[in-house]
Amino acid sequence: MDVSGLVDTATGRQSRAIYSSEELYRQELERIFGRCWLFLVHTSQIPEAGDYFRTFMGEDDVIVIRQKDGTIKAFLNSCTHRGNRICRSDRGNAKAFTCNYHGWSFAPDGSLSAVPLEKEAYFGELDRSRLGLVPVAHVAEYKGLVFGCFDADPPSLEDYLGDAKFFLDVWLDAMPGGTSLVGETQKMVLASNWKLPVENVCGDGYHLGWAHAGAMRAVQSLDLAGLSVGNSSTDLDGGLSVAGLNGHMALTSLDGVSGYAFYPKPKPMLDYLEFNRPQVIERLGKVRGEQLWGSQINITIFPNLQFLPGLNWFRVYHPKGPGQIEQWTWAMVENDMPAEIQAAILDNQCLTFGLAGLFDNDDGDNLAACTEQSRGWRTAQMDVFTNMALNRSGPREGFPGDIAAGLVSEHNQRYFYRRWQEHMQADNWAGVPTYNINSVVAEETIDA
Amino acid sequence: MLESGVAPMSTESVTGLTQRLYHEARLLDAERFEDWLECMCNDVTYRMELKRRRFRADRSPPAAVGVGVVFNENLARLKLRIDRLRSGFVWAEDPPNFVRRVVSNVEVERADAENEAIVHSVIVIHRNRIDGLTRVLTAGRSDRWRMHADGWKLAAREIALDHAVLPDSNINVFF
């Protein structure tokens, strides 16, 4: 389906059909979820051989398994005999995966290790070597984040991430000990198209002061330190909207502490930041060490991964049809943090962006209603707009990307829909442009 | 059959605690949050842990930093949630959703402390939401109630939510 008229990046316009059309959704499964690198698991979630984690790539059910040699493989969670789901647990450790239906058993490396009545019923004619679990074509890791890709010939994960690594490293590589995802998976069904929460988190600082007004008022009444982001009090130059990075985005403040503003007792976190800042500056340079590490940053990796250093939540959205998603959230910590800070982060993440999150619980109904209002005969023919602050972006010294000043802008959303359109128009990776606008050579960094 | 094997609580206590649970549910249905807080001890703990789905034979260790929670509240945190709901800015609750709680399977046991009781119950929260659709949440609860001069007050509540995937966009309700 031709999508050239459905998104207009120059004017910031999207057809509402992109949130409701079944046909476009099938095309997204093929051209976006079937082509892009998708987040699978954090290495900290499967540390030991035989550890596995179940997730989705688009609507395809996938098991990610730590191998004996320490590498990570991913397979479709489907028996090669009759297609049944072979693993029904969220995660765990297993020596084998045995299908419930006829008892075919697969080893963690995906090989078909046992078939009941193999001699008696198949007369020994079954070629087990051809019936192993179907692997995900490519699996690669970037500093703890494991991604999978169904495409036969994608760019490398490093190239796919491109200059977004500048921001990724502010979380993944600031401290020598690396990072972990902690806690169980917080899973929620939302009656939303998958693009709407991505769009919301990638760049929409505009909604904070109104959609979250109730939580803002309640939380600020507890006299928390720092960030004020009500509609009237937002410092328009207090942050940056960064896009033009192969479809990836960052929305960041620049003060080096605001990420911890919504913690009831921020002092231990602020002490941790100040104590460790010199070595982070050594590792990442002054711009990132002073201005980004500790700041509230919304990082988006196209299409469906978002994580927020500061509020410390990490999230993927699994599409379940054009009008439904499963939203999966974890808390994230730096491994060098003391145990009490890690525990406080897990608790605060659950309080603010968990299943009963003071802030998170404001968003679901808005996203669901935007989806629903794109489904009618008449509304599906209408447009919606991300046309705030058009043509007000440019380079900024020390940072990669095409950058709009401030947290309230619709700059990043326009780049998100531009990337969506580029993928939807292209038949394969060769037709997808690569761009890292205003690329900067990373500041001199010292390896740990 | 009492697990503790000790003498059962008096009929008066069982009736009083059961009535307390029903009363609490009615206060919450009517959004009488301040009155509901009056049912709490000052040192109340109110917790719901995240669910997980594991094979019965799974031997993997528990999560290092903790399982994570849906609720991990003390009195101040319950008040914080109520402040948010009372702010007039929680759009998901305006117009109000139709919420009805059904409390059942009430079982009262003696606690170690003389003036306390352990109370198990099941709660079903029926919400007919602004979108016209109905969601039903089910949970088991294990409470510790403490007798005060003005009656039984909740000292601790552990809530076990019966949903691995939350079938709704928020939990703007108390269990």
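Select domain 1 and domain 2 of chain A in this predicted model: their C-alpha centres lie 34 Å apart. Domain 1 takes in residues 38–139 and domain 2 residues 165–431. For the contact, pick out nine residues from domain 1 of chain A and 10 residues from domain 2 of chain A. On the domain 1 side, strand S3 of chain A (residues 38–42) provides the largest share, three residues. That side of domain 1 is made up of three nonpolar, four polar and two charged residues.

**The annotated region**

Next, select residues 38–148 of chain A. An unreviewed UniProt entry annotates this range as "domain: Rieske". Colour the range by secondary structure: strand accounts for 39% of it and helix for 5%. Then turn to the two ends of the range, where the C-alpha atoms are 5 Å apart.

**Chain A as a whole**

Zoom out to all of chain A. The chain has 12 helices and 22 strands. Its C-alpha trace spans about 75 × 55 × 40 Å along the principal axes. The radius of gyration of chain A is 22 Å, which agrees with the value near 22 Å for a compact globule of 448 residues.

Colour by burial, and 53% of the 448 residues of chain A count as buried. Contacts can be drawn next. Taking those in chain A with a separation of 6 or more, 67% join residues 24 or more positions apart.

**Where confidence drops**

Now colour chain A by pLDDT. The mean is 93, and 94% of the residues of chain A reach 70 or more. Which stretches should be picked out for pLDDT under 50? One is residues 222–236 of chain A, where the model has 30 contacts beyond four places in sequence. Another is residues 443–448 of chain A, with 11 contacts beyond four places in sequence. In both stretches pLDDT stays under 50.

**Across to chain B**

Finish with chain B shown beside chain A. Here 36 residues of chain B are in contact with 37 residues of chain A. Which elements of chain B give two or more residues to the side that touches chain A? They are strand S2 (69–73) and helix H3 (75–86) of chain B. Select S2(B) before H3: S2(B) gives the most to this side, with four residues. Coloured by class, the side of chain B that touches chain A shows 20 nonpolar, eight polar and eight charged residues.

Key. Residues numbered from 1 in each chain as written. Chains lettered and ligands numbered in written order. Predicted model: local features only at pLDDT ≥ 70, side-chain atom pairs only at ≥ 80, totals over all residues. UniProt positions renumbered as here; feature names shortened; annotations may be inferred. Contact = placed C-beta atoms within 7 Å. Nonpolar A, V, L, I, M, F, W, Y, C, P; charged D, E, K, R; others polar. pLDDT = per-residue confidence, 0-100. Domains from an automatic or database assignment. Rg over C-alpha atoms; globule rule 2.2 N^0.38 Å. Buried ≥ 20, exposed ≤ 12 C-beta atoms within 10 Å, placed from the backbone.
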